[in-house]
There are 2 protein chains.
Amino acid sequence: MTLTTTRPLAIHGIGVLATMDGTGPHGLGLVHDAVVVCRGAAIVDCGARGAVAIPSDAERVDAGGAAVVPGLVDCHTHAVFMGDRSDEFARRARGETYAQIAAAGGGIRATMRAVRAATVDALVAAARPRLRRMLARGVTTVEMKSGYGLTVEDELKLLRAARALRDEGPVHVEATLLAAHAVPPEAASASAWTTTIVDELLPAVAREGLASACDVFVEQGAFSVDDGRRLLTRAAALGLRPRVHAEQLSWQGGARLAAEVGALAASHLEHITADDARRLADAGVVAEVLSLAQVFLRGQRAIPGRLLKDAGCVVAVGTDLNPGTAMSCDLPLAAGLAVTQSGLYAEEALAGITRDGARALGLSDRGVVAVGRRADLVVLRATSPLALVYEWAEPLAAVVVAGGRVVHRWAAG
Amino acid sequence: MTLTTTRPLAIHGIGVLATMDGTGPHGLGLVHDAVVVCRGAAIVDCGARGAVAIPSDAERVDAGGAAVVPGLVDCHTHAVFMGDRSDEFARRARGETYAQIAAAGGGIRATMRAVRAATVDALVAAARPRLRRMLARGVTTVEMKSGYGLTVEDELKLLRAARALRDEGPVHVEATLLAAHAVPPEAASASAWTTTIVDELLPAVAREGLASACDVFVEQGAFSVDDGRRLLTRAAALGLRPRVHAEQLSWQGGARLAAEVGALAASHLEHITADDARRLADAGVVAEVLSLAQVFLRGQRAIPGRLLKDAGCVVAVGTDLNPGTAMSCDLPLAAGLAVTQSGLYAEEALAGITRDGARALGLSDRGVVAVGRRADLVVLRATSPLALVYEWAEPLAAVVVAGGRVVHRWAAG
């Protein structure tokens, strides 16, 4: 007797499969007229039609000549939050400064108050539709940061919400502790809050296994390089991989710190230098280009995506989804903006939301279509994989497969 | 006996109605706890709940406390086209120039060849899903330009496709003749093609009533101010309202021409001067800000939305949907980008896709919620009307009413 869960899944009729394995023109690893066979959560066979045998008992998905890409990976989000900051968006447009908005009770502290007042269940309920929106765009893996609680208990609450969302599926959630997102109003200083994180929060997170990484916002008014070093060194000792928000609003040395501590990734990077970029490349730190946030924030300085690529960096692209500076769940749009605003090639941007997005999370089991990899796949409503970066703001996933199961189908409407 | 078509429609439970009538803070004309009653294609009553009587036989739509806005108006699209130019997008990202791409058979001529080879039915079938995408975002009125046929017969074919889409509904289509979009490969010169348009095409379009406006792309390599004057003067004499693509890639004097001929609207305007902006304002020419195209084209120069507003211009926002420089059906995203990239206030951008979008089309019957106006309304999946410009790339229409009928409901997924 065969368990139904072991029944294989075959995607056939694939016009073009973008394996994203780095081979062929621009590294897309294209296979025309392809078939992919999955068993359990893994890909067990894939290639041109004639070279792949479809098991007779397989559940079949006909791609109808469309393009197929790996399940998308959003390597940088703040997707668990409460409240709406559309009024702040309108006030910034009228020229109010962030300092004025913060003084009037707005900004990150508005989200913090809403999060502190919420239960884990309420946080999960608020984030669930965001994950559904992502899934409709082909996203099967999402990184999710804490950072709006800013007390030990409220940061743990955010990570518990992330874990509940992970348990719920089908989108795979990777949680990151970002308690060093802002200095809490109750803290004496950034350094004092860093000490609380190091002494209390990190050990608790490690004990409960609530996060796989630890991030820090290195910036004026937020955390210094020294705070960051202390935090990330302790995190690494506890098994949490370091990440850094670096050089977003000004040059502070966060990217150098990321290279020094061997971080998984450094994000934003608007003010990075060529020397910094080489250090990231040499240290194997993935550069996260968050062009959607740069555009949403009306930043005057573009993210130097070409500089990063020319230095040899692996470049990932994320949405940075958050209610203050990037209110969008649309990862393919972020990739399109990374092309036009940050100088990535279209193929590099596509790699940034698949293969290189997975690398930013340290996940070697996904982001590429190959035997043995996780069976996360997207059948597009398009014949070219480049449609993902070219057709803006349209959910293009026809069928989404996560862990070998069909988890989403486009409802024509 | 009452005909079912005359049964009124009442939208109740409106948390906040943005009438966009120019009153109140930032001109949003907000009414809290509101009701709108429609009969036939018109709004017959609207206001705060206690002040509006819902007819006992009315079909009811419960907004559930959500925000309601006028049906959105996309004042500038090239929505009827064939073919895919994702490869060109990728080539431009790698640094190829438009001239190189055109020399290799790409660019606008690629679309032209595909359009020439297509039937009216094929053009309609290609455009229909684009209109559905627009409808899901709350768009009930769309301007649609010809300009990819570039022969007399093929331009008429595009306009006949637009008319078929208009007849089909429910999105209202306003067609514009833009034969002066590019110089056809067969034409001896821009001037010679202008003569053909003036002598042959415009009279045929006027005879068949195929377009309500005539547009021209005034630019180096396209059409001169003199070509434009000759064309638009003739168009106006035949009852087609003038429009101008002006100062997009360089300053050519197109905006001055628009003011001189009393055009409905001038579009793009990246290179406009303060003097030009005053001329537009004085002449009552609506300025069309197409920020989505500016971002998609990776233009180095932002559209000076504030300059236009400060000069007193009415400013509309359109997608510019087209396969070369703005591959998106998302009008609210265009409005969001007009805020962050072109300096419009959030409320101005919202007006730009409602009230002022309608003004760009010379349609005084829509774009505002008021008694006697067309019953085009959108119930949002949001409690603030500003969500439209703040939440990027998510179809936010819960219920769309066009001409007094419910024509779209969001399918949760």
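Two strands count as paired if DSSP finds at least two bridges between them. By that rule, β5(B) and strand β14 of chain B, residues 377–380, are antiparallel partners joined by three bridges. Within β14(B), B:V378 is the bridge partner of B:V69. The model is a predicted one, and the description below starts with the strands of chain B, passes to chain A, and ends with the contact between the chains.

Strand β5 of chain B, residues 67–70, also pairs with strand β1 of chain B, residues 9–18; here the sense is parallel and there are two bridges. In this pairing B:L17 stands opposite B:V68 in β5(B).

Chain B further holds an open sheet of eight strands with parallel pairing, in the order β6-β7-β8-β9-β10-β11-β12-β13. Its edge strands, each pairing on one side only, are β6 (72–74) and β13 (315–317) of chain B. From one strand to the next the twist averages 25°. Within the sheet, strand β10 of chain B (residues 241–246) runs parallel to strand β11 of chain B (residues 265–268), and four bridges join them. One position in this pair is B:R243, which stands opposite B:A265 in β11(B). Helix α6 of chain B, residues 190–208, packs on the sheet and touches β8 (172–180) and β9 (213–217) of chain B. The direction of this helix makes about 150° with that of β8(B).

Between β6 and α1 (86–93) of chain B runs a loop that contains B:M82. Leaving aside residues up to four places away in sequence, B:M82 touches B:T111, B:A114, B:V115, B:A118, B:A122, B:L123 and B:A126. One of these, B:L123, is 41 residues from B:M82 in sequence, yet the C-alpha to C-alpha distance is 6.7 Å.

In chain A, eight strands form an open sheet with parallel pairing, ordered β6-β7-β8-β9-β10-β11-β12-β13. At its edges are β6 (72–74) and β13 (315–317) of chain A, each of which pairs on one side only. The average twist from one strand to the next is 25°. The edge strand β6(A) runs parallel to strand β7 of chain A, residues 139–145, and is joined to β7(A) by three bridges. A:D74 has A:V142 as its bridge partner in β7(A). Helix α5 of chain A, residues 152–168, packs on this sheet, touching β7 and β8 (172–180) of chain A, and its direction makes about 175° with that of β8(A).

The last topic is the interface. Chain A and chain B each contribute 42 residues to the contact. The size of an interface is often given as the accessible area lost when the parts come together. Between chain A and chain B the buried area is about 3,700 Å², with 60% of it coming from carbon and sulfur atoms. On the chain A side, A:R94, A:Y390 and A:W392 lose the most area to chain B, together accounting for 20% of what that side buries.

Eight salt bridges are counted between the two chains. One of them links the side chains of B:R133 and A:E394, at 3.4 Å from N to O. Polar contacts across the interface involve 22 residue pairs, with both residues at pLDDT 80 or more. Several helices of chain A each supply at least two residues to the side that touches chain B, among them α1 (86–93), α4 (120–136) and α15 (387–390). The most comes from α12(A), with six residues. By class, this side of chain A has 21 nonpolar, nine polar and twelve charged residues.

Technical notes:
Residues are numbered from 1 along each chain as its sequence is written. Chains are lettered from A and ligands numbered from 1 in the order in which they are written. This is a predicted model: local features need pLDDT of at least 70, side-chain atom pairs count only at pLDDT 80 or more; totals for chains, interfaces and linings use all residues. Side-chain values use heavy atoms; hydrogens and water are left out. Contact means heavy atoms within 4.5 Å. Buried area is the accessible area (1.4 Å probe) that two parts lose on being put together, summed over both. A salt bridge is a side-chain nitrogen of Lys or Arg within 4 Å of a carboxyl oxygen of Asp or Glu. A polar contact is a pair of N or O atoms within 3.5 Å; within protein, one must be able to donate a hydrogen and the other to accept it, and residues adjacent in sequence count only if both atoms are side-chain atoms. Ala, Val, Leu, Ile, Met, Phe, Trp, Tyr, Cys and Pro count as nonpolar, Asp, Glu, Lys and Arg as charged, and the others, Gly among them, as polar. Axes are lines fitted to C-alpha atoms, for helices over the stretch in contact, and angles run from 0 to 180 degrees between N-to-C directions.
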